[in-house]
Each structure stands twice: as C-alpha cells, then as structure tokens.
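Here's a quick tour of a few helix pairings and one pocket. Have a look at the model first, then read on.

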Amino acid sequence: MSISFGRTRSGAEAATSDLAGRGPMLLAMVLAVLGYQINATMLSPALPDVIERLGTTTAAAGLSQTLFFLMAAIGQVTLARLSDQRGRKPMMLLCAVVLIVGNLLCVFAPNIEIFIAGRVLQGVSAAMFTLAFLTLNQLLTPAGFGKAAGIITAVNGGLAGVDAIAGGQIADTIGFRGIFVCSTLIAVAGLLGVRRYVPDVPPTADADARFDSRGIAALALGLTGVLVGLAQGAAWGWTSALTLGFLLGGVASLVFFVVSQKSAANPVIDLDVLASRRAWPLLLTTICTLGGAFGAIALTIPLFSQDARVGLGLSAVTAAVLFLTPIQLIGVVSAPLTGRLGPKIGWRTVVVAGAIANFAIFVFATLFLHTEWILVAALAALGVTYGGFMLTGLNGLAVTTAPKDKPGSLSGLNGACFGIGASLGIALASAMITAGSDAGGVTEAGYQHAMYAALALLAIGVVTALLIQRPDPAESEDADGERQVVLTHH
C-alpha cells in the first residue's frame, strides 16, 4: 500500500464521502477506544464494591485510579512519538493487546496489588485515543477530521451512559469483575477491527532514529513520584519520609527530564514547541480541565452519592443513572456537533467557551452538593461543556496546530496531559477525602474540600485557555479544505 497526497473532491462533499467510505475503519477505532474508556467510566460507580471485595481502603482504591490515569499519560506520550517512527497501526495493535492483558489481571485479581497491576496496564492503552486522532488527521480532509474527531471524542465519555448504568448494576449484583469481562470482549473486537480495517499510514519520522528511552524513564519516574505522593500524602503523612521521598524524587526526575530534552538527538518533547503559547497554555488547560472535572466525576461524586452517613445514600445503579449517565449521553450528541463546529469557528474559540462554561457549572455543583436535582442538572450540563466542547476542542486544537514534521509531538503530549490531569484530579480528590475522614469514615467536609479543589483547577483552566495563542490564518487550513490522503493498493 502506498499513500500520496492529492486534491480530489472539495469541502463538505469530500468530508462526507470520506466518512461514508471509511465506516468500518471508524467503527473499528470506536471499539478500540471504547475498550479502554469503559474501564474509567464503568468502574466509577463500582469503586465501593472494589473496596469491599478486595478488603482495601479508599486511599488504595484512589491510588489504583491515580496510577491508571498516570500510565495513560505515559503511554500516550510514548506510543504517540513511537508511532511517528514505527507507524500508527502497529502501536494501535500493541495498545489493544496490553489492554486485554490488564483486563484479565483485574478479572482474576485476588488482592488490591494485582488489581493495581492490571489497572497500570489498562492505563497504557489510553494511547489508542491519540493514535486514532493522528490516523484520522492523516487520512481525512480538515472538515472530515473534525466530524470523525467528534465521534471518537464522544466515546471518551463512555457508551452513551449505558456503561455507567451497567457498571452500577454489575457492582450491585455480580461485582466489579464483570466490568472487566465486558471490556475484554470489546477490546478483542477492537483488536480484530483495527487489524482488518485500519490502513497502514506511513511513518512521519525516520524509523532509524534513536528513541529517547532515557527521557521516557525520567518522565515516568517524575510523574509517578509527584502524583503518588499527592494521592497518598494524607494517608502516609505529608511530612513523612515516604511522602517527601516520592514528591522530591518526582520533581528531581522531571527537572532532569526537561534538561535531558535539550541534548537528546530525538527528544520526546520539542522544547521549542513546548515553550510557545500554542503549546504550554493548551497543555495546562487540558491538565486543569481534566483534573477539576474528572476528579469530581470519577471519584468524589460516586463516593459521595453512595455514602449513607454524610452523602446521598444512593445505590450504585441509582448514582450512575443520576450523575454519570446524563454526562455521557449528552456528550455522545454534543461531541460530534462540536467536531463540525470546530473547523468553522476555530478550535481555540471552542476551548475558551467550554472552559468558562465548565467553571460556572461547577460553582453550582459545589454550592448545591446536597441538593440532588440541582446536582443532577449541573452534571448533565457538563455533557455539553465538558463532554462536547472541552474534550473535542482540546483534541482538535492539539492535532491541527502540531508541527507538520512531528505531528505526534504536541498531540501525544496533549494526550498525556489528559492522563496527567485525570490522575492529578483523582490524587487531589483522594487526598482531600482522606484528610477529611474521622473514625466513622469520610466527613461532609472531606467531600466539600474535594469539590473546592476541583473548582480551583477549573478556574486556572479558564485563565490558561485565554492565554492560548490565536492561530495564524495564513498557517491554518480552510475548514472546507481539500487536503486528502489518497490510498492506492499494490
């Protein structure tokens, strides 16, 4: 198979034809990313069941979530850069295999340690999202990419809310292990679909270039140290040798990582790109958005809604139906619509509008945490602002503004920031909840402080979104552009 760039059809007609002709490929990608995603969305209402069945603590369950999203960050930046050299499809197949192995570990986990090991492997497979976006950007027109990116992003919230309800039902009946059986079946279908229908697009970088394994190791150690230290600080003691060792060791590793990138022949991150206002404000916006929103959605609210002592005392199914399903269901509709809107009004505009709206909605959610129906309405609105505008806009902006010679650099790093932000949000929420516990369990103040932490992160995200550099019209492609990849089979 060879690939050449040419001009064929134009505008919306080309984009529509692109998607219609690539339906099996897009479906394969949807299944591949869904296999990963339901391990985040479907497990959230089942966290109390994990704690009970594995005989563990809230802090340990929070750590499993932190490491899951931490490895998602490391996997995305690593495999996205590797795909520039080795090709997108081989890395997608690797992600699917790693996910299946991680799922099986969680299915048969006899204790929290094996469960965490499985979650770590599952997290690595998050790179499937970035790889899908990069592949679509190489194959479709800008308008076609926007529509396809919206569809893939819709999966980022789960399976239209069905998975959250199913996760709660499974937790209330057969237990959390059934969730990973479902994920395994979807992951196997995704693996077969990617192998059959996703074309081999050519690498965009020299395949013989040396991969910066030293930089990846430093990045992994740094992120692990900082995020685990934050997640476990309340349980270990903020001034304990263990907590300080993780935090200081993590910071030192991150400093070494930045310094090492200056002399690396093939750096993981192009520091010139990172230093520009098209990159660092975008990355901070992604981290703060995911940290604030996901920390609350995936940990604080599921635990609070099922807490019979100081929370709402709901069952896992009811909590999922009220607080998780609306976000996902509305996101399935709003993400594709945002994908159509982004190329027309600009991805930066989408991101700024979403950041401001997210913050406003979370103010209501925080102030009315104990008012069930106001909380339901606020979280449902996040289906538009978070599930639609922010998730689609951040991905679209990263892919379309990345350096042309290293398309996996900014998008891979932004994908990593999704994992870093989610991990940071979980870590902070877990720390706030643990710190606000007494002999009887979590207190009302613990949940409230976790929401305040989420609100603070979202406020920072508004500021950084406004700092993102406006795209240069001379460098951007027209929303109805005619760029297209023509595949010819030999």
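## H2 beside H5

Start with helix H2 and helix H5 (residues 88-107): their axes come within 11 Å and cross at roughly 35°. Keep in mind that this is a predicted model. The crossing of this pair is left-handed.

Which residues do the touching? On the H2 side they are Met29, Gly35, Tyr36 and Asn39, and they meet Met92, Leu99 and Asn103 in H5. Sort the residues of this contact by class and you get four nonpolar, three polar and no charged.

## H2 beside H4

H2 (residues 23-41) also packs against helix H4 (residues 58-86), this time at an angle of about 150°, with the axes 11 Å apart. Angles over 145 degrees count as roughly antiparallel, so that is how H2 lies relative to H4. The H2 and H4 crossing is left-handed.

Here H2 brings Tyr36, Asn39 and Ala40 to the contact, while H4 brings Phe68, Phe69 and Ala72. That set splits into five nonpolar residues, one polar and no charged. If Tyr36 and Asn39 sound familiar, that's fair: they sit in the contact with H4 and also in the one with H5.

## H15 beside H17

Further along the chain, helix H15 (residues 316-345) and helix H17 (residues 372-400) have axes that come within 7 Å and cross at roughly 30°. Angles under 35 degrees count as roughly parallel, and H15 and H17 are therefore roughly parallel to each other.

How is the crossing handed, left or right? H15 passes H17 in a right-handed crossing. As for the residues in this contact, 15 are nonpolar, eight are polar and one is charged.

## The second largest pocket

Now for some empty space. The second largest pocket holds about 450 Å³. It is lined by 18 residues, and the ones closest to its centre are Leu274, Ile287, Leu413, Cys417 and Ile420.

Which helices build the lining? At least two residues each come from helix H11 (213-236), helix H12 (241-263), helix H13 (271-275), helix H14 (280-306) and helix H18 (407-435). What about the classes of these lining residues? The count is 18 nonpolar, no polar and no charged.

Conventions. Residues numbered from 1 in each chain as written. Predicted model: local features only at pLDDT ≥ 70, side-chain atom pairs only at ≥ 80, totals over all residues. Heavy atoms only, no water. Axes fitted to C-alpha atoms, helices over the stretch in contact; angles between N-to-C directions. Helix = DSSP H or I, 4+ residues; strand = E, 2+ residues; numbered from the N terminus. Parallel < 35°, antiparallel > 145°, perpendicular 65-115°, else oblique. Left-handed = near helix turned anticlockwise from the far one by under 90°. Contact = heavy atoms within 4.5 Å. Nonpolar A, V, L, I, M, F, W, Y, C, P; charged D, E, K, R; others polar. 1 Å grid on protein atoms, 1.4 Å probe; cavity = no way out; pocket = protein on both sides within 12 Å on 5 of 7 lines; lining within 4 Å. Points joined across faces, edges and corners; volume = space filled by probe spheres on them.
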